[in-house]
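Biologist: Could you walk me through this model and the reasoning behind the labels you put on it?

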Amino acid sequence: MQPELVALLAVQEDDGAIRLIERDLAALAPRIASLDKARQRVHDEVERSRVAIERETERYRTLSQRITDHREKHEKNLATLDQARKLREATAAMAQVEMARRVLAEEESELAGMARRLGEMTSAQEAHRSAAAALEAEQATARAEIASEQERLQASLKAALTVRNQKAAGVNPGLLSRYDRLAIRRKSNALFAIRGLTCGACDTAIPLQRRNALMVAGLIDVCEACGVLLFASVEPPAAEASAEASA
Ligand SMILES: [Zn+2]
């Protein structure tokens, strides 16, 4: 076997291992996303209750102010009633006092309702806040685990790439880039030993002339059917073929 072919096979083996590391790294992303989603959900609830309390508090303030104004007017009405000398004046003042008293009573009951609601909303907000804090604590372990796993995988990816690139230096750049393009497109092996008289990847029969070039001249050729790189090996690496099938 040509040294270049041996080197390219070694590169391919490393690439298989690198793809596995990349797959494991990629598998962490949905785990992080799901933690983020759960966290966002509880934070949204806290925020929603904060906004609702803010709005209700504003309404409470407005109504309180209106009640203060109405009470002042009511006091004035009462004073007017006190000072009314004539019956007609007294009747008019009395009507005003009665009306203001009704309005005040309605407003005060509305204000009491608001205060009750605000109390309930504050309790709900507290509950959302504790839920958010509990979730943070609960997620901390999972997040730390994922982070250390990520770090570990990234370190081994870096190491694997360094070794792989050292090996790749022994392969002709033209052949290497053909292999790289194929391997990236296939997300899998790109270099296959011929299996008997057929392509090791797709099992299509190889024309006689090409077969001779492969077997006699020891060249690397392309499968006309599936496009993978083919080589002839006295002992076809069966392990790689089965790894490919399971990938
Ligand atoms: Zn093929």
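Modeller: Happy to; below we take the metal site, the long helix, the domains and some single residues in turn, keeping in mind that this is a predicted model.

Biologist: Let's begin with the zinc ion: which atoms coordinate the zinc ion?

Modeller: The SG atoms of Cys-199, Cys-202, Cys-223 and Cys-226 do, at 2.2 to 2.3 Å. A donor has to lie within 2.8 Å of the metal, and these sulfur atoms meet that limit, so they count as donors.

Biologist: And what makes the arrangement around the zinc ion tetrahedral?

Modeller: The angles decide it. Four donors count as tetrahedral if all angles lie between 85 and 135 degrees. Here the four donor atoms subtend 108 to 112°, so the arrangement is tetrahedral. For reference, the ideal angle for four tetrahedral donors is 109.5 degrees.

Biologist: How are the donor residues spaced in sequence?

Modeller: The pattern reads C-x2-C-x20-C-x2-C. Within that pattern, Cys-202 and Cys-223 link distant parts of the chain, 21 residues apart. Cys-202 sits in the loop between strand E1 (191-193) and helix H4 (208-215), while Cys-223 belongs to the loop between strand E2 (221-222) and strand E3 (229-231).

Biologist: Why is Cys-223 called buried?

Modeller: Buried means under 20% relative accessible area. Cys-223 has 5%, so Cys-223 is buried. Cys-202 has 28%; that value falls between the 20% and 50% limits, so Cys-202 counts as partly exposed.

Biologist: Asp-203 also caught my eye. What is notable about the phi of Asp-203?

Modeller: Phi of Asp-203 is near 70°, a positive value in a residue other than glycine. Most residues other than glycine have a negative phi. Asp-203 is in the loop between E1 and H4, and at 46% relative accessibility Asp-203 counts as partly exposed.

Biologist: Where is Lys-187 found, and is Lys-187 buried or exposed?

Modeller: Lys-187 is in the loop between helix H3 (173-186) and E1. Its relative accessible area is 66%, and exposed means over 50%, so Lys-187 is exposed. Lys-187 has a positive phi as well, near 50°.

Biologist: On to helix H2. How do you know what span to expect for H2?

Modeller: H2 covers residues 87-168, which is 82 residues. The expected span is 1.5 Å times one less than the number of residues, and for H2 that comes to 122 Å. From first C-alpha to last, H2 reaches 112 Å, close to that expectation.

Biologist: Where does H2 bend?

Modeller: At Gln-139, by about 35°. That angle is taken between axes fitted to the seven residues ending there and the seven starting there.

Biologist: Which residues does Arg-143 touch?

Modeller: Arg-143, which is also in H2, touches Leu-35, Asp-36 and Arg-39, leaving aside residues up to four places away in sequence. The relative accessible area of Arg-143 is 21%. Buried would need a value under 20%, so Arg-143 is partly exposed.

Biologist: What makes Ser-148 and Leu-161 partly exposed?

Modeller: Both lie in H2. Ser-148 has 45% relative accessibility and Leu-161 has 34%. Those values fall between 20% and 50%, so both residues are partly exposed. As for distances, the C-alpha atoms of Leu-161 and Gln-150 are separated by 16 Å, with their positions 11 residues apart along the chain. Ser-148 and Ile-220 are 72 residues apart along the chain, and their C-alpha atoms are 42 Å apart.

Biologist: How is the chain divided into domains?

Modeller: Domain 1 is 8-170 and domain 2 is 172-247. Their C-alpha centres lie 59 Å apart. The contact between them takes nine residues from domain 1 and 13 residues from domain 2.

Biologist: Last one: which residues does Arg-210 touch?

Modeller: Arg-210, in helix H4, touches Asp-221, Val-222 and Glu-224, again not counting residues up to four places away in sequence. Contact here means heavy atoms within 4.5 Å. At 27% relative accessibility, Arg-210 counts as partly exposed. Arg-210 and Ala-10 are 200 residues apart in sequence, and 24 Å apart in space from C-alpha to C-alpha.

Technical notes:
Residues numbered from 1 in each chain as written. Predicted model: local features only at pLDDT ≥ 70, side-chain atom pairs only at ≥ 80, totals over all residues. Heavy atoms only, no water. Helix = DSSP H or I, 4+ residues; strand = E, 2+ residues; numbered from the N terminus. Donors = N, O, S within 2.8 Å, 3.2 Å for Na, K, Ca; no water. Tetrahedral: all angles 85-135°; square planar, octahedral: opposite > 155°, others 65-115°. Buried < 20%, exposed > 50% of the residue type's maximum accessible area, 1.4 Å probe, protein only. Domains from an automatic or database assignment.
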